[in-house]
Amino acid sequence: MTDFNATRDLFGASDSPATRLDIAPGAVLLRGFALEDVQAVLEAFHTMTLAAPLRHFVTPGGQTMSVAMTNCGEAGWVSDRRGYRYDRLDPITGTPWPAMPAPFLALAQRAARAAGFDGFKPDACLVNRYVPGARLTLHQDKNERDFRAPIVSVSLGLPAKFLFGGLERTDKTQRIMLHHGDVAVWGGVSRLAFHGVDTLKDGVHSATGNCRINLTFRKVW
Ligand code: MD3
Ligand code: FE
């Protein structure tokens, strides 16, 4: 899919600086789409991570992940020696994950609608924090029950090189830089594509300091 198609100002808000890129069938990158929401979203991020702190999960293989994670919403993604799964409870606090903050949900739904997925009702938001050196190896997101719903991802802070492959681990990957304020919607046949994030480079961003924060909104149950 080398035929990138960029269109400016498709979003109604005439002063929106967002640009739309079609990455693959069902996959749309909305550059700068979250910029107007950043302040409210980062404030909600700080509040929710007080209740459900960022932590480094251990994979079933026994490796501690370099990306720090937490969740909000009904369902939270967790990993330990027993496997990957979604759980209603935070294993650290033993209590339900914090409710999805209103600015998170509003942004996710606005982006899904802009990409053609009206009526998106995420019940989970996985929050990832990358510091320089952190990476996410190539994987598929397939612990959700319903693959008809897209995944919406929001990138904040330091830029990262995102790797986007095909339905087989060995398929060729595209490399796409994800910047502060970018939102991507992964639906259709792209929903089950292999993807990952290359090692985060050193840097400082005015919104987040020395890290990248990624929010992924999912329909799990
Ligand atoms: C394509 N997160 O949390 S966001 C993840 O930047 C994850 O933190 C990365 O992969 C991050 O699972 C990538 C972009 C993304 C998220 C989910 C996808 C792309 C996707 C699911 C299917 C296909
Ligand atoms: Fe993923």
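**Notebook: ligand 1 and its pocket**

I began with ligand 1 and found that one of its oxygen atoms is 3.0 Å from an N or O atom in the side chain of N128, which I list as a polar contact, meaning a pair of N or O atoms within 3.5 Å. I keep in mind that this is a predicted model, in which local features need pLDDT of at least 70 and side-chain atom pairs count only at pLDDT 80 or more, while totals for chains, interfaces and linings use all residues. Residues are numbered from 1 along each chain as its sequence is written, ligands are numbered from 1 in the order in which they are written, and side-chain values use heavy atoms, with hydrogens and water left out.

I then looked up two histidines: an oxygen atom of ligand 1 is 3.2 Å from an N or O atom in the side chain of H139, and a polar side-chain atom of H195 lies 2.9 Å from an oxygen atom of ligand 1. The protein covers 98% of the 490 Å² of accessible area that ligand 1 has on its own (Shrake-Rupley method, 1.4 Å probe).

Next I listed the 19 residues around ligand 1 (a heavy atom within 4 Å), of which Y130, D141, H195, R212 and R218 come nearest. The largest share of this shell, 4 residues, comes from β14, a strand being a DSSP run of E of at least two residues, numbered from the N terminus.

Finally I asked which space ligand 1 takes, and noted that it is the largest pocket (more than half of the ligand's atoms lie within 2 Å of its grid points). I recorded a volume of about 840 Å³ for the largest pocket, that volume being the space filled by probe spheres set on the points.

Conventions: 1 Å grid on protein atoms, 1.4 Å probe; cavity = no way out; pocket = protein on both sides within 12 Å on 5 of 7 lines; lining within 4 Å. Polar contact = N/O pair within 3.5 Å; in protein donor to acceptor, adjacent residues only side chain to side chain.
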